[in-house]
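Okay, thanks for coming, everyone. Let me put the structure up, and then I'll walk you through a few spots in it.

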Amino acid sequence: MPDAAAPGSTTTAASSGMAAVDGHWGSLAATPPMGWNSWNQVHEAVTEDVVIAAAEAMVSRGLVDAGYEYVVVDDCWQSAERTPEGLLLPNPGRFPRGMKAVADHVHSLGLKFGMYSAPGERTCAGRLGSSGHEERDASMFAEWGVDFLKYDWCGAGPLTPESVRPAFERMRDPLVATGRDIVYSVSEYGVARPWEWGRGTAHLWRTTFDIWPHWGSVFALLNQQWAACAGSGPGGWADPDMLQVGNGTLTPEENRSHMALWALLPAPLFAGNDLAAASDDVVRLLTHPGLIAVNQDPLGRRARLVAVTPEVMVWARELAGGDLVLGVLNHTEGPVEAAVPLVQAGVVGRCTAVDVFSGRELGEPGVGYKAVLERHDTAVLRFNRVPSRP
Ligand code: GAL
C-alpha cells in the first residue's frame with residue numbers, strides 16, 4: 001500500500017482512468033494474476049472452511065511456490081440485508097468470524113485475499129450488490145484487507161459500452177482512492193466489447209460467458225479468444241474465465257489442453273477445483289513450470305491463432321528473449337498424427353525445439369514436425385531463438 005494515500009481519501013484525476021494503467025495501478029497486474037476462486041469448486045456453498053482449506057492447500061501442495069497468490073471468495077458470502085448504517089456484512093452462518101479474520105488468516109499464510117461484488121442491486125446469484133454503496137463497500141473491502149475484487153455484471157441495466165464502463169468505474173475509483181493495492185477484475189461476459197475499454201478500467205476483463213467443466217465449454221470459449229484478446233497485455237488482461245482443470249468430465253488430455261491453452265493465451269490462472277483433494281497429476285498440471293513460465297512471460301504478448309487444419313488448431317506466441325511457443329491442439333474426436341504447419345506458425349530459419357510437457361528435445365525441426373496427439377490433447381512446443389521473418 002503506498003504510504004501517501006490514506007483510506008477514504010478522494011480519487012485524483014491522475015489515479016483514475018487510462019492514466020492509471022501505466023502507473024502504479026497498472027503495475028499491480030504486470031503479468032496475469034494467479035490464484036484460486038471458490039465459484040467453480042462450490043458455487044453458492046462458499047464458507048470460511050472452504051476458503052481456508054483452499055488457502056492451506058495452495059501452500060502445502062506447491063501452488064504458491066509455482067506462483068499462485070490470490071485466494072478469492074466469489075458470490076454468496078453476503079448477509080441477507082445491509083445493516084441500518086448501510087454496511088454489507090458476511091453471512092454469519094458461513095463466515096462466523098467475519099471477513100477480516102478470514103483475510104488475516106489468508107495473509108498469515110503469505111497469500112493475498114480477494115472478494116466479489118456486483119454493480120447491480122443484486123449479484124448473479126441474487127445476493128446483495130454494491131449499487132449505490134460503492135464508496136462504502138470499497139472502504140470496507142480495504143479495511144478488511146482485500147487485495148482483489150471481482151465485480152460481476154448482473155441486473156445492472158443494458159449491456160452496452162456506454163452503460164457498463166461507467167458502472168465499473170464507479171467502483172474502480174473508490175477502490176483506487178482507498179490507497180490499497182486492489183486488483184480489479186470485471187465481468188460482463190464479453191458482450192459490450194470490453195477489449196475496447198477494459199484496459200484502464202480494470203486489470204482483468206472477462207471476454208466470455210461462464211465456463212463449465214466439460215470439453216464443449218472449454219473449446220467454445222477458446223474459439224472466442226482469437227478476437228477477444230485485443231488490448232490484453234502487461235497491466236490489463238483479457239479473461240476467458242477461470243480454470244476448470246480437475247473438475248467435471250474433463251479427461252486428462254482435456255485438462256492438459258485447457259491448462260496449456262489458458263497459459264498460452266495468456267489468461268489469468270484461477271484454479272477452481274478442490275486443491276486439497278486434487279490428484280497429484282492435476283496439481284502437477286496446475287503447477288507445471290514450463291506452462292507457468294509461458295503464462296508469466298514478462299513480454300505479455302497474446303497468442304495468435306495461426307493455423308487450423310482438419311486435425312489441429314495452432315496457437316503461437318512470442319516470448320521475451322525471442323523464443324516462440326506453439327500450442328498444437330488435436331480438435332478431432334480421435335487420435336491424430338498431424339503435420340504441424342511450422343512455417344505458417346512463424347518458425348523459420350534454424351532453431352531447436354523442446355516439447356514442454358515431456359521435456360524432450362526435438363532437435364532442429366526444419367520445416368516438418370509431426371505431433372502425435374490423443375483426442376483433445378495439446379502439444380506445447382517451445383522453439384529457441386527463432387529469427388524474425390525478413
Ligand atoms: C456469474 C459469473 C461467475 C460467478 C457467478 C456468481 O455471472 O460469471 O463466474 O461469479 O456469476 O453468481
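So, start at arginine 206: the side chain of arginine 206 makes a polar contact with the side chain of aspartate 210, at 2.8 Å. By polar contact I mean a pair of N or O atoms within 3.5 Å; within protein, one must be able to donate a hydrogen and the other to accept it, and residues adjacent in sequence count only if both atoms are side-chain atoms. Before I go on, this is a predicted model, where local features need pLDDT of at least 70 and side-chain atom pairs count only at pLDDT 80 or more, while totals for chains, interfaces and linings use all residues. Residues are numbered from 1 along each chain as its sequence is written, and side-chain values use heavy atoms, with hydrogens and water left out.

Back to arginine 206. Its side chain also reaches the backbone oxygen of threonine 208, at 3.1 Å. Arginine 206 sits in strand E6, residues 204-206; strands (E, at least two residues) and helices (H or I, at least four) are DSSP runs, numbered from the N terminus. Is arginine 206 buried or exposed? It counts as buried, at 4% relative accessibility. The cut-offs are under 20% relative accessible area for buried, over 50% for exposed, and partly exposed in between, with a 1.4 Å probe and protein chains only. Leaving out residues up to four places away in sequence, arginine 206 touches a list of residues including Lys150, Glu188, Tyr189 and Asp239, where contact means heavy atoms within 4.5 Å.

Now the ligand. Arginine 206 and Asp210 are both among the residues around the ligand, along with others including Trp39, Asp74, Cys124, Asp152 and Tyr189; "around" here means that a heavy atom of the residue lies within 4 Å. Which side chains put a polar atom by a ligand oxygen? Aspartate 74 does so at 2.7 Å, tyrosine 189 at 2.8 Å and aspartate 152 at 2.9 Å. Taken alone, the ligand exposes 310 Å², and the protein buries 95% of that. Those areas come from the Shrake-Rupley method with a 1.4 Å probe; for residues, only the protein chains shown count as cover. By class, the shell has six nonpolar, no polar and six charged residues. The classes are Ala, Val, Leu, Ile, Met, Phe, Trp, Tyr, Cys and Pro as nonpolar, Asp, Glu, Lys and Arg as charged, and the others, Gly among them, as polar.

Cysteine 124 from that shell brings us to the disulfide. A disulfide here is a pair of cysteine sulfur atoms within 2.5 Å, and the count comes to one. Cysteine 124 pairs with cysteine 154, their sulfurs 1.8 Å apart. The pair links distant parts of the chain, 30 residues apart: cysteine 124 is in the loop between strand E3 (112-117) and helix H7 (134-144), and cysteine 154 in the loop between strand E4 (148-152) and helix H8 (161-177). The torsion about the S-S bond is about 100 degrees, so the disulfide is right-handed. Cysteine 124 is partly exposed at 39%, whereas cysteine 154 is buried at 15%.

And why doesn't cysteine 76 bond to cysteine 124? Cysteine 124 has the closest cysteine sulfur, but that sulfur is 9.8 Å away, too far for a bond. Cysteine 76 is buried, with a relative accessible area of 1%.
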